[in-house]
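Trainee: I've got a new model open and I'd like to learn how to read it. Could you walk me through it, one feature at a time?

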Amino acid sequence: MRWNDIYIAATASWLPERVTVESALAAGDYDARDAERHDHVSVTVTDPGDNVADLWTRAARAALARTGDDMAGPDILLCTATFGAGIDGWNAAAYVQRELGLEGCLSAELRGASNGSLLATELAAAHLTAQPSATTALITAGDLFPLPYFDRWRADRILFGDGAAAAVLSTEGGFARIVASATHTDATLEGIHRADEPIGPFNPGAAYPIDLRTRSRRFQETTMDKDEIRTRMDVGLATAAKRVYEESGVPIDKIDHVVVPHLGRALIQSQVLDPIGKASLDGTTWEFSRETGHLGPADQLAGLNHLAESGALLPGRHVLLVGLGAGYSWTCTLLEVVAEPGPALARHAAPTR
């Protein structure tokens, strides 16, 4: 889908303190073989009493502060996480809306797994396109992975970090124009993250911490072998990437920056770069990602914010945001930088703990 006059006006991240892989290895929390394969340096870990609704709010507030006083308040607010916000029967997006003091906007939660922020970007862009009176959208994404619910070091092959990131979209201008985006889905893979787990509404026998490795192994043993899974994953992302290259007219060798999911060195190369036709980690946000771990749906917005804050986004450059999420979905979003991110990026740096 090509987009007209939809811009990224501001981004922000809220990332807590980092816990090093070295310390996790010394404590016996992390497997040395996984550490060597995926080459993370650290993960971000928030306070035990924190919650995702407040993470969303912190990142969103910082992004809004960077837009200045002239921009209209958001017409739509989308909040996205991999897991729920902690209280059943509660609308956490309304909490964020109230905390931010936003009146009258459409607010909703989006459960798109690790692809949530790019799915939200597509939906927000569609809303701004379809509603002539709407000019601004706010997306906030993030998650946290606490014990005993989730073991960030052993639940899966990748490492999980706590944190959130946000973006403000506008029809009135910004530092990057959304040129095109494409999403491809393959629901035959949804069982990878479910296996034979009973489907609610409540499972009193559920075991914690969540073990995604075992679910994946059971799915391979009962439903689909590893080679077919890998082929479907490669085809899914390659399909989305091909559509974006064709619709934008910008091939992969003309793209200056690739914002990657925070999957670790080996999986970024095999599950992300190979399918999109990129040979190496050069020009990607890999170095940033290995400091934070996988931030659920916040990887893409946090990576874009990192590029903006680092001064890497110069006018004329192209940025490809790549997302993949359980279900399975793959999204590629191409941006063209039209202006250097303003000094507000320095003045309103997201807090770090």
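Trainee: Let's begin with cysteines. How many disulfides does a search of the whole structure find?

Mentor: The general idea is that a disulfide is a covalent bond between the sulfur atoms of two cysteines. Keep in mind that this is a predicted model. Searching the whole structure turns up zero disulfides. Take Cys-105: the nearest cysteine sulfur belongs to Cys-79 and sits 9.0 Å away. A disulfide needs the two sulfurs within 2.5 Å, so that pair doesn't count.

Trainee: Is Cys-105 buried or exposed? And what about Cys-332?

Mentor: Cys-105 counts as buried because its relative accessibility is 9%. Cys-332 is at 0%, so it counts as buried too.

Trainee: Next, the nonpolar core. Which residues touch the most other members of the largest one?

Mentor: First the general idea: in soluble globular proteins, nonpolar side chains tend to be buried together. Here the largest nonpolar core has 42 residues, and Ile-276 and Leu-320 are the ones touching the most other members. Two or more residues each come from S8, H6, helix H7 (226–248), helix H8 (265–276), S10 and S11. H7 gives the largest share, seven residues.

Trainee: What is Ile-276 in contact with, leaving aside its neighbours within four places in sequence?

Mentor: Ile-276 contacts Leu-237, Ala-241, Tyr-245, Ile-252, Val-258, Leu-320 and Val-322. There's also a second, separate core of 38 residues, with Ile-6, Ala-120, Leu-169 and Ala-312 among them.

Trainee: On to the backbone. Where do I find cis peptide bonds?

Mentor: The thing to look at is omega. One cis bond joins Gly-200 and Pro-201, with omega about 5°. Pro-201 lies in the loop between strand S8 (176–185) and helix H6 (212–222). Another joins Gly-327 and Tyr-328, also with omega about 5°. You'll find Tyr-328 in the loop that runs between strand S10 (318–325) and strand S11 (329–337).

Trainee: And phi? Which residues have a positive phi although they are not glycines?

Mentor: Asp-5 is one of them, with phi about 60°. Asp-5 sits in the segment before strand S1 (7–14). With 46% relative accessibility, Asp-5 counts as partly exposed. Ala-195 is another, at about 55°, and belongs to the loop between S8 and H6.

Trainee: Why does Ala-195 count as buried?

Mentor: Ala-195 has 14% relative accessibility, and buried means under 20%, so Ala-195 makes the cut.

How values were computed
Residues numbered from 1 in each chain as written. Predicted model: local features only at pLDDT ≥ 70, side-chain atom pairs only at ≥ 80, totals over all residues. Heavy atoms only, no water. Helix = DSSP H or I, 4+ residues; strand = E, 2+ residues; numbered from the N terminus. Buried < 20%, exposed > 50% of the residue type's maximum accessible area, 1.4 Å probe, protein only. Core = buried A, V, L, I, M, F, W, Y, C linked by side-chain atoms within 4.5 Å. Contact = heavy atoms within 4.5 Å.
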